[in-house]
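Me: I am in my first year and would like a close look at a single part of this model. Please take me through it slowly, in one connected answer.

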Amino acid sequence: MCEQGGPVVQWLWRNKDWVLDRVKEIREWLVSSRNPPDQPGSSLLIIGPGGVGKSTAARILSGNYDPLLDMPGEYDESLKIEHYSLKDDPAVGLVVPPGQKHRRDPTWNDIESSLSAGEYHGIILVCSYGYHSLGLISYKHHHLYAGDDQAFLRSYLDASRAEEVNVLQRLSPHIKASDRKCWLVTLVTKQDLWWNDNQQVERHYREGPYADQIGEIADHKGRSNFRHELILGSLVIRNFVTGVGERLAETVAGYDQQYRVSSVRRLWESLDALRQWEAGS
Amino acid sequence: MNDAICSENRRFAETAASLLKEYSSKLEPIQKHMRQLRDEVEKASFGSPEFHVVQQEYFALQQSFHTLGASLRTLAQRVSQFLEHADVDDVSRLELEVRLHELEGKLHQTEMIVNVGLSAHASA
């Protein structure tokens with residue numbers, strides 16, 4: 001039965017050991033050329049508190065979500081570390097750990113060790129100026145709610161902004177520990193909700209405790225080994241609504257798809273520029 | 001936070017802990033049954049009446065897990081967001097965290113077992 005087929009099949013069958021050896025060699029060559037053994041791993045870390053838009057950013061960067069064609073879905077909390085590949089360069093992995101506080105120790109510890117070991121050459125720290133999605137819970141059940149809706153929103157945004165600084169503080173020693181040249185992008189999402197306070201938001205990340213942390217990392221690693229970019233934008237346009245339908249804040253009137261598309265373009269352009277800087281050009 | 005909301009949060013914590021416990025324990029038998037059916041399909045002679053029965057049972061269990069898995073994922077998200085945002089006392093928080101991580105671990109493991117599927121011969 002095996003000798004049936006055309007002359008090519010018969011030749012392959014007669015020389016199957018030789019053919020299998022060549023296939024094995026080619027496969028090994030392909031694997032080694034994708035990830036050369038003398039080069040550090042090629043991965044980007046997309047990290048941040050829960051509900052800021054990390055998965056959306058990863059889905060855009062991996063080509064799994066087209067901001068022009070796809071409708072934004074509801075907030076869907078990730079239960080585990082997600083893995084994607086960069087759309088423009090599939091050899092570059094995107095690692096996205098979940099951001100909820102109770103998930104950090106179980107999932108972030110290994111990631112932080114990898115960060116210290118220099119396994120990530122780029123970090124995208126996603127923030128949203130405190131507008132962290134609440135998910136399937138009423139704000140009235142939130143520990144900060146004391147009977148006044150507006151007062152709740154103010155305290156929630158303040159607490160969530162402080163949480164963004166906490167995340168950077170937690171990552172900071174691991175970024176400093178690595179000898180590898182690396183960059184950090186602070187991607188501040190949900191601009192459609194805070195568009196009227198754009199300058200204040202920019203100041204919040206360029207001055208104050210967040211910027212102090214960035215400055216410390218830059219001083220420690222040296223300007224030639226570390227770069228930071230701040231990108232403000234919206235990946236989706238959506239009111240700030242809890243998973244049970246309560247509207248806490250609305251998209252600012254006049255913030256349209258053009259602004260959103262520009263945000264995504266700025267993200268791509270910054271990544272390209274940082275990857276060129278990383279390559280030394 | 002008023003008493004009514006505190007009481008709702010307490011009730012949620014108790015119900016969630018009990019649901020997480022119940023469904024974590026239900027996932028192990030599903031994993032075992034899935035492995036067992038997969039072995040039986042792989043061993044049955046292709047095209048035999050026994051093969052078709054076991055293969056259909058395998059697919060039915062796979063489908064039933066997909067439905068249950070989606071609901072358990074929502075339960076896990078709901079509990080996670082409760083832990084992240086609600087006013088929970090320390091003991092309840094500890095219990096919910098442990099039970100949530102147990103459920104998520106088993107859910108992930110079961111998804112892997114279910115998604116392995118059958119060999120090309122057995123899924124024909």
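In which sense do β2(A) and strand β3 of chain A pair, and over how many bridges? Please go on from there through the rest of the sheet and what lies around it.

Reply: Please keep in mind from the start that this is a predicted model. Strand β2(A) and strand β3 (residues 89-96) of chain A pair in the antiparallel sense, and five bridges join them. The two strands form a hairpin, with two residues between β2(A) and β3(A), and one place to see the pairing is Glu82(A), which stands opposite Val96(A) in β3(A). In general, the strands of a sheet pair through backbone hydrogen bonds, and they may do so in a parallel or an antiparallel way.

This hairpin belongs to an open sheet of six strands in chain A, whose order is β2-β3-β1-β4-β5-β6 and whose pairing is mixed. The edge strands are β2 (82-86) and β6 (226-232) of chain A, each of which pairs on one side only. From one strand to the next, the twist averages 20 degrees.

Further along the order, strand β1 (residues 43-47) and strand β4 (residues 120-127) of chain A pair in the parallel sense over five bridges, and here Ile46(A) stands opposite Ile124(A) in β4(A). Strand β4(A) also runs parallel to β5(A), to which six bridges join it, and on this side Gly122(A) stands opposite Trp183(A) in β5(A).

Strand β5(A) deserves a slower look. Seven of the seven residues of β5(A) are buried, so this strand is largely enclosed by the rest of the structure. If you follow the side chains, Cys182(A), Leu184(A), Thr186(A) and Val188(A) point one way from the strand, whereas Trp183(A), Val185(A) and Leu187(A) point the other way, and all of them are buried.

Two helices of chain A can now be placed against the sheet. Helix α7 (residues 198-206) of chain A lies across β5 (182-188) and β6 of chain A, and runs at about 160 degrees to β6(A). Helix α9 (residues 257-279) of chain A lies across β4, β5 and β6 of chain A, and runs at about 175 degrees to β6(A). In the loop between β8 (247-249) and α9 of chain A you will find Asp256(A), which counts as exposed because it has 11 C-beta neighbours inside 10 Å. The C-alpha atom of Asp256(A) is separated by 7.9 Å from that of Ile237(A), although these residues are 19 apart along the chain.

The paired residues Ile46(A) and Ile124(A) return when we turn to the nonpolar core. The largest such core has 52 residues, and those with the most contacts inside it are Ile46(A), Ala57(A), Ile124(A) and Leu125(A). Leaving aside residues up to four places away in sequence, Leu125(A) touches Ile47(A), Gly48(A), Val167(A), Leu168(A), Leu184(A) and Thr186(A). Another core, of 19 residues, lies apart from it and includes Ala13(B), Leu27(B), Leu83(B) and Val88(B).

A word on confidence completes the picture. Chain A averages a pLDDT of 88, and 86% of the residues score at least 70. Over residues 28-40 of chain A, however, the pLDDT is below 50, and beyond near neighbours in sequence this stretch has six contacts in the model.

Notes. Residues are numbered from 1 along each chain as its sequence is written. Chains are lettered from A and ligands numbered from 1 in the order in which they are written. This is a predicted model: local features need pLDDT of at least 70, side-chain atom pairs count only at pLDDT 80 or more; totals for chains, interfaces and linings use all residues. Two strands pair if DSSP finds at least two bridges between them. Helices (H or I, at least four residues) and strands (E, at least two) are DSSP runs, numbered from the N terminus. Axes are lines fitted to C-alpha atoms, for helices over the stretch in contact, and angles run from 0 to 180 degrees between N-to-C directions. Two residues are in contact if their C-beta atoms, placed from the backbone, lie within 7 Å. A nonpolar core is a set of buried Ala, Val, Leu, Ile, Met, Phe, Trp, Tyr and Cys residues joined through C-beta atoms within 7 Å. A residue is buried if 20 or more other C-beta atoms lie within 10 Å of its own, exposed if 12 or fewer, and partly exposed in between; C-beta atoms are placed from the backbone. pLDDT is the predictor's confidence in each residue, from 0 to 100.
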